[in-house]
Amino acid sequence: MAEKTVNHSDFIIGGTFWCGDRQWRCTDIGTRTIIAMRIDCVQVADSTGGLKRLSRGDAKADGWFNGPPYAVAEVVFDEYDLEVCTLAASDGGADARSS
(Lines give C-alpha, C1' and ligand atoms only; values in the text may rest on other atoms or scores of the structure.)
Protein backbone atom coordinates (compact mmCIF):
# COMPACT_ATOMS: atom_id res chain seq x y z
CA MET A 1 0.00 0.00 0.00
CA ALA A 2 1.37 3.43 -0.92
CA GLU A 3 2.15 5.87 1.88
CA LYS A 4 -0.21 8.83 2.28
CA THR A 5 1.41 12.06 1.17
CA VAL A 6 1.50 14.92 3.62
CA ASN A 7 -0.72 17.97 3.24
CA HIS A 8 0.50 21.37 4.40
CA SER A 9 -2.06 21.25 7.24
CA ASP A 10 -0.58 17.95 8.54
CA PHE A 11 2.68 19.60 9.65
CA ILE A 12 3.33 20.78 13.19
CA ILE A 13 6.45 22.49 14.46
CA GLY A 14 8.57 19.83 16.14
CA GLY A 15 6.82 17.00 14.27
CA THR A 16 8.73 14.60 12.06
CA PHE A 17 8.16 13.43 8.52
CA TRP A 18 9.96 11.47 5.80
CA CYS A 19 11.12 12.51 2.36
CA GLY A 20 12.52 9.45 0.64
CA ASP A 21 14.68 7.59 3.14
CA ARG A 22 15.52 10.73 5.13
CA GLN A 23 13.78 11.82 8.31
CA TRP A 24 13.13 15.52 8.93
CA ARG A 25 11.84 17.66 11.83
CA CYS A 26 9.58 20.61 11.02
CA THR A 27 11.07 23.81 12.44
CA ASP A 28 8.74 26.41 10.90
CA ILE A 29 5.56 26.60 8.85
CA GLY A 30 5.08 29.25 6.19
CA THR A 31 2.02 30.07 4.13
CA ARG A 32 3.09 27.73 1.31
CA THR A 33 6.32 26.22 2.66
CA ILE A 34 7.64 24.02 5.42
CA ILE A 35 11.10 24.56 6.92
CA ALA A 36 12.81 21.46 8.33
CA MET A 37 16.14 20.01 9.43
CA ARG A 38 17.34 16.52 8.68
CA ILE A 39 17.48 14.43 11.86
CA ASP A 40 18.33 10.88 10.79
CA CYS A 41 22.01 11.85 10.57
CA VAL A 42 24.16 14.98 10.43
CA GLN A 43 27.34 15.72 8.47
CA VAL A 44 29.75 18.01 10.31
CA ALA A 45 33.25 19.28 9.64
CA ASP A 46 36.02 17.55 11.57
CA SER A 47 39.29 19.05 12.79
CA THR A 48 41.05 18.25 9.49
CA GLY A 49 38.48 20.09 7.38
CA GLY A 50 36.84 16.90 6.19
CA LEU A 51 33.30 15.78 6.87
CA LYS A 52 32.18 13.20 9.37
CA ARG A 53 28.73 11.70 9.74
CA LEU A 54 27.00 11.66 13.11
CA SER A 55 24.13 9.34 13.92
CA ARG A 56 20.89 10.86 15.16
CA GLY A 57 21.75 9.84 18.74
CA ASP A 58 25.26 11.31 18.61
CA ALA A 59 24.04 14.54 17.00
CA LYS A 60 21.28 14.89 19.61
CA ALA A 61 23.73 14.22 22.46
CA ASP A 62 26.11 16.86 21.07
CA GLY A 63 23.29 19.44 20.91
CA TRP A 64 23.12 19.80 17.12
CA PHE A 65 19.29 19.84 17.22
CA ASN A 66 19.01 22.44 20.01
CA GLY A 67 17.52 25.72 18.92
CA PRO A 68 16.36 27.85 17.34
CA PRO A 69 18.70 28.91 15.93
CA TYR A 70 19.85 25.41 14.96
CA ALA A 71 23.44 24.33 14.33
CA VAL A 72 22.32 22.21 11.36
CA ALA A 73 21.05 23.57 8.06
CA GLU A 74 17.34 24.07 7.64
CA VAL A 75 15.79 23.25 4.26
CA VAL A 76 12.75 24.82 2.62
CA PHE A 77 10.12 22.40 1.28
CA ASP A 78 7.63 23.98 -1.14
CA GLU A 79 4.27 22.63 -2.28
CA TYR A 80 5.90 20.47 -4.96
CA ASP A 81 8.30 18.90 -2.44
CA LEU A 82 5.41 18.05 -0.13
CA GLU A 83 3.95 15.75 -2.80
CA VAL A 84 6.70 13.20 -2.05
CA CYS A 85 6.74 13.55 1.75
CA THR A 86 5.07 11.01 4.04
CA LEU A 87 4.22 10.83 7.72
CA ALA A 88 5.93 7.46 8.17
CA ALA A 89 8.99 5.73 6.79
CA SER A 90 8.35 3.24 4.03
CA ASP A 91 9.10 0.50 6.60
CA GLY A 92 6.39 1.81 8.95
CA GLY A 93 8.56 4.12 11.09
CA ALA A 94 7.50 6.88 13.49
CA ASP A 95 4.56 9.14 12.71
CA ALA A 96 4.83 12.88 12.06
CA ARG A 97 3.78 13.99 15.52
CA SER A 98 6.60 12.27 17.40
CA SER A 99 9.95 13.89 18.11
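Asp28 has Ile35, in strand 3, as its bridge partner. Strand 2 and strand 3 run antiparallel and are joined by five bridges; strands here are DSSP E runs of at least two residues, numbered from the N terminus. The model is predicted, with local features requiring pLDDT of at least 70 and side-chain atom pairs pLDDT 80 or more, while totals for chains, interfaces and linings use all residues. Residues are numbered from 1 along each chain as its sequence is written, and side-chain values use heavy atoms, leaving out hydrogens and water.

The wider setting is an open, antiparallel sheet of five strands in the order 6-3-2-1-7, where pairing requires at least two DSSP bridges between two strands. Strand 6 (74-77) and strand 7 (85-86) are at the edges with a single partner strand each, so one side of each has no neighbour in the sheet.

Turning to the interior, the largest nonpolar core comprises ten residues, including Phe17, Trp24, Cys26, Ala36 and Phe77. Such a core joins buried Ala, Val, Leu, Ile, Met, Phe, Trp, Tyr and Cys residues through side-chain atoms within 4.5 Å, buried meaning under 20% relative accessible area with a 1.4 Å probe, protein chains only. Strand 2 (22-29) and strand 3 (34-38) each provide at least two of the residues of this core. Beyond its neighbours within four places in sequence, Ala36 is in contact with residues including Phe17, Trp24, Cys26 and Phe77 (heavy atoms within 4.5 Å).

Notes: Buried means under 20% relative accessible area, exposed over 50%, partly exposed in between (1.4 Å probe, protein chains only). Helices (H or I, at least four residues) and strands (E, at least two) are DSSP runs, numbered from the N terminus.
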